[in-house]
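Please look over the fold shown here. The exchange below takes up a sheet, a pair of helices and a single residue in turn.

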Amino acid sequence: MSGQTPLMIRDVSGAGSGPVSRSVLGLPTAFGTFLGALVLAWAVYKCIDASLLRFLVVPPHNYRDAIARSLEKGAIPESVVGVKGGSFRRRLVLAAQKPQLYSTMKLNRDSVATSKLRLARIDKDDPNFMDRLRPADPHAKRRLVFGYFHPYSDANGGGERVLWEAVYYTLKQSEQNLVAIYTFTASDDVCVSSILQSVRSTFGIDLFADGLNDRIIFIQLNNRYKWLIDGASWKHFTIIGQALGSVFVCFRSLTKLVPDVFIDTQGLPFCYPLVALLRIPVVAYVHYPLISADMLNKLSSNSVYHLAKYVYWTSMMKLYQLAANFIDYTLCNSTWTCNHIRSIWGSSAQTSPQIVYPPTGIDESKIADPLAEKDRVLLYLAQFRPEKRHRLLLQEFAGYAKKTSEPFKLALIGSTRSKQDEETVQELKLLAEQLDISSHVAFEVNAPRKTVDKYLSQAAFGLNVMWNEHFGISVVEYMLNGAIPIVHASAGPLLDIVLPVENDEVVAPGTEHATPSGFFFTDPSDPDYKGLFPSLSEVLIKADRLDKDEATAIRKAGQLVARKKFGMDVFGKEWTQVVALAKKTELEKRQTRNKVEMVY
Ligand SMILES: *[C@@H]1O[C@H](CO)[C@@H](O)[C@H](O)[C@H]1NC(C)=O
């Protein structure tokens, strides 16, 4: 590749109009072309800007007649709707008694999916329905559609818990709030009720309660386009491929229904410039930075291939930063993510990123008595994977056990997800034997939840040995259960969770004279070891000698931190505020629209 490049340059110069004109005219010509392209791009953007919103939200002038005529038939004929389906659907959703009935996804297993715009019987029988179809003054009491763009809403992971809790609190914030979910489905059998049932069984979030689900509209994205935003299908140009794919999928979503507030909980930032054309607020919940500065720094530019790669990544980074300009509210899931996002987006994001911790799903009221007497048990809840550093733990534990006659019992509880993980367990058992600590170590592999809860309620200490764990939900569980955390001093445990307490307030890490809520260690094997904290075996010795009053104070501090920052209702309170702020911005933005678009 490096051998070919000079040739390419020669080719290009040969294609010009000779050496003389090139030096005299070449530069101005190139400059002119560049300027021309800029002007053209600007003009195209302006044209789209002027017409896109009108195209998507303003229905044909006789739309109410068309709907009135179709009420008996139960569907609006395709010939009437044409390309204006989205604008019709928006009017219908805003007027409907049960907006959910206007979902594009099938409602039940046995209903048939259709692209027709159906009309609900309940609305046909409602004398005020036709009236509610009218456009509304921005200041009037009106419904608002909160659009959650989350194409993989069926993944049932941590990101999806955030999505559904956010949906729940959006609906709770006001009766006027509607939610639209833009999503692919795992198969064509999936329907609205099966999704909502799985949300209830997986996360315990009941969207059937109080008829909340009537206000959720599902916009099914065409599963044929799934590959477009799947990282795995873009082997080489993953980021740009996904970026273009997501813009396309987003555009398709908007043609089906334009929301009043756009909320991205999946992490598809390249859609924001498109959405911003609609003069609606954009809320981004960031789990993880798409490109980080670390990634760029790792690239060197010592070969043409690497140089090309460097240029590619740098331009992607620039685009990523550009996209951030279109966000109105940036929310991050942790301090770690927030620090990265601040360093990448800097001042370009309109409002500086705020941390909103994801809901943990732990119901602290179910925990019996966190401050009760505990067993001499050290608990480590972690999958059996190398980065969890069980080996280090065993070695340090052996170092501590040698120095005491009756050491703690060490309980290693975790799941194995692959053959490799199972081998890890075997190796660890062998290591425990070699270190002569087998009799003190209990392995609980793939234990049922009941066993986990039992250990949680009885252990005096809870461990987290991983380096740079972005969060560490098990540490929160330890604290809520009254187990004192002993954690590696990095990322989530250090910055977000094991925080000190002063006068019943959670204070910053390292605050002097505050009561700690746990202990920290570091290890010479850490990639960024500076020796600022004691080693794990030293901390274990200290923990063993802790007197009762001290232990109680630390436990109480842990309870306070865990409840204040990660309690059941914390996410709900914060999300409710986000919703309220978004509504304010929505009104401001709506007033910057043209007269017609302002009321639709
Ligand atoms: C934030 O999201 C990332 C990526 O999904 C995850 O690794 C991390 O644990 C999350 N943080 C919290 C606080 O849940």
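**Sheet, helix pair and one residue**

In this predicted model, the bridge partner that Val487 has in strand 17 is Phe520. Because the model is predicted, local features need pLDDT of at least 70 and side-chain atom pairs count only at pLDDT 80 or more, while totals for chains, interfaces and linings use all residues. Residues are numbered from 1 along each chain as its sequence is written, and side-chain values use heavy atoms, with hydrogens and water left out.

Reader: Which strands stand at the edges of the open sheet?

Author: Six strands, all paired in parallel, form an open sheet in the order 12-11-10-13-14-17, where strands are DSSP runs of E with at least two residues, helices are runs of H or I with at least four, both numbered from the N terminus, and two strands pair if DSSP finds at least two bridges between them. Strand 14 (residues 484–488) and strand 17 are joined in the parallel sense by three bridges. Since each has a single partner strand, so that one side is left without a neighbour in the sheet, the edges are strand 12 (441–445) and strand 17 (519–521).

Reader: At what angle does helix 20 run to strand 17?

Author: Helix 20 (residues 536–545) lies across strand 10, strand 13, strand 14 and strand 17. Axes are lines fitted to C-alpha atoms, for helices over the stretch in contact, and angles run from 0 to 180 degrees between N-to-C directions. On that basis, the angle between helix 20 and strand 17 is about 155°.

Reader: How far apart are the axes of helix 8 and helix 9?

Author: Glu160, Arg161 and Trp164 in helix 8 meet Ile195, Val199, Thr202 and Phe203 in helix 9, contact meaning heavy atoms within 4.5 Å. Two packed helices are described by the angle between their axes and the distance between the axes. Helix 8 (residues 158–173) and helix 9 (residues 192–203) pack at about 110°, and their axes are apart by 11 Å.

Reader: Is Gln220 buried or exposed?

Author: Gln220 lies in strand 5 (residues 216–220) and touches Thr104, Met105, Thr183, Phe184, Thr185 and Lys256, not counting residues up to four places away in sequence. Buried means under 20% relative accessible area, exposed over 50% and partly exposed in between, with a 1.4 Å probe and protein chains only. Because its relative accessible area is 16%, Gln220 is buried.
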